[in-house]
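Hi there,

Here is the structure I promised to pass on. Have a look at it first, and my notes follow underneath.

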Amino acid sequence: MSQDQAPGSNSGGDALSGVPEPWEAWETVLVLGSIGVGVLALVVLGWAVTQFILP
């Protein structure tokens, strides 16, 4: 039964080898932007702690 498909077609068996989704480009930008905002927030929070709480 698993041999019913033509070679090269993807029915969800392996999501990484299929055709990329049309929103993949902006989704990648969104993820990288979110990581950047998170890192920036950690830097600002670290600076605020050293300036206002530790001294």
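**What turned up**

L54 sits in the segment that comes after helix 1 (24–53). Please keep in mind that this is a predicted model. With a relative accessibility of 63%, L54 counts as exposed, because the cut-off for that class is over 50%.

L54 also has company: together with L45, W47, V49, F52 and I53, L54 forms a nonpolar patch on the surface. The accessible area of these residues together is about 700 Å².

Two members of that patch, W47 and F52, deserve a closer look. I searched the whole structure for aromatic pairs, and one came up. The ring centres of W47 and F52 are 5.8 Å apart and the planes stand at 85°, so this pair is edge-to-face. How exposed are the two partners? W47 is partly exposed, at 48% relative accessible area, while F52 is exposed, at 65%.

Now for the chain as a whole. Its secondary structure comes to one helix and zero strands. What share of the 55 residues is buried? The answer is 0%, with buried meaning under 20% relative accessible area. The chain exposes about 5200 Å², and 70% of that is supplied by carbon and sulfur atoms.

If you open the model, I would start from the W47 and F52 rings and then go on to the rest of the patch, including L45 and V49.

Happy to talk it over whenever suits you.

Best wishes

Note on methods. Residues numbered from 1 in each chain as written. Predicted model: local features only at pLDDT ≥ 70, side-chain atom pairs only at ≥ 80, totals over all residues. Heavy atoms only, no water. Patch = residues over 30% accessible without salt bridge, like charges linked within 9 Å, V, L, I, M, F, W, Y side chains within 5 Å. Areas by Shrake-Rupley, 256 points an atom, 1.4 Å probe, with all protein chains shown as cover. Salt bridge = Lys/Arg side-chain N within 4 Å of Asp/Glu carboxyl O. Helix = DSSP H or I, 4+ residues; strand = E, 2+ residues; numbered from the N terminus. Buried < 20%, exposed > 50% of the residue type's maximum accessible area, 1.4 Å probe, protein only. Phe/Tyr/Trp six-rings, centres within 6.5 Å; stacked < 30°, edge-to-face > 60°.
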